[in-house]
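Thanks for coming. I will go through one model, starting with its cysteines and then moving to the packing.

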Amino acid sequence: MGQWCGGCRSGYNCCSFAALFKNNICPNVKCAKENNLNGCYECSKIDGCKTGYYGQNNEYTAKAAALFIGKYGEECYSKTLKKAIDSGKNYPKTFDETGSAEGAVKLLEKYL
């Protein structure tokens with residue numbers, strides 16, 4: 001999908017989650033755009049957010065990414081995630097298996 005999807009913040013967002021909603025717009029992307037945010041990581045209400053993907057049971061990786069980026073920045077997230085994957089962590093499975101977004105953030109923080 002990465003070869004033809006423009007990504008969450010692009011005008012050509014083609015993820016399978018977005019396909020479940022009207023006009024193929026992910027509720028998380030819609031919310032961020034409506035609130036003039038570059039991403040959920042800029043939102044002051046992210047901790048308790050259950051919008052879209054964040055309301056899914058046993059899916060914590062996306063919210064953990066937003067929380068981590070909000071705390072450390074996008075560049076740090078990319079480098080840290082690469083370190084975790086290079087060390088053998090199964091992304092996103094291992095992060096979801098922590099049981100919470102906070103647990104997934106803590107796992108990422110081990111690779112800072």
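**Cysteines and core**

Cys49 is buried, at a relative accessible area of 17%, where buried means under 20% relative accessible area, exposed over 50% and partly exposed in between, with a 1.4 Å probe and protein chains only. A word on the source: this is a predicted model, in which local features need pLDDT of at least 70 and side-chain atom pairs count only at pLDDT 80 or more, while totals for chains, interfaces and linings use all residues. Residues are numbered from 1 along each chain as its sequence is written, and side-chain values use heavy atoms, with hydrogens and water left out.

Back to Cys49: the closest cysteine sulfur, in Cys31, lies 6.2 Å from its own, too far for a bond. A disulfide here is a pair of cysteine sulfur atoms within 2.5 Å, and the count by this rule is 0. Cys26 is also buried, at 7%.

Next, the largest nonpolar core, meaning buried Ala, Val, Leu, Ile, Met, Phe, Trp, Tyr and Cys residues joined through side-chain atoms within 4.5 Å. This core has 21 residues, and Ile46, Tyr54, Ala66, Tyr77, Phe95 and Leu108 touch the most other members. Helices H2 (61-72), H3 (74-86) and H5 (101-109) each give two or more residues; helices are DSSP runs of H or I, at least four residues, numbered from the N terminus. H2 gives the largest share, 6 residues.

Thr80 is in H3 and is buried, at 3%. Leaving out residues up to four places away in sequence, Thr80 touches Phe68, Leu108, Tyr111 and Leu112, contact being heavy atoms within 4.5 Å.
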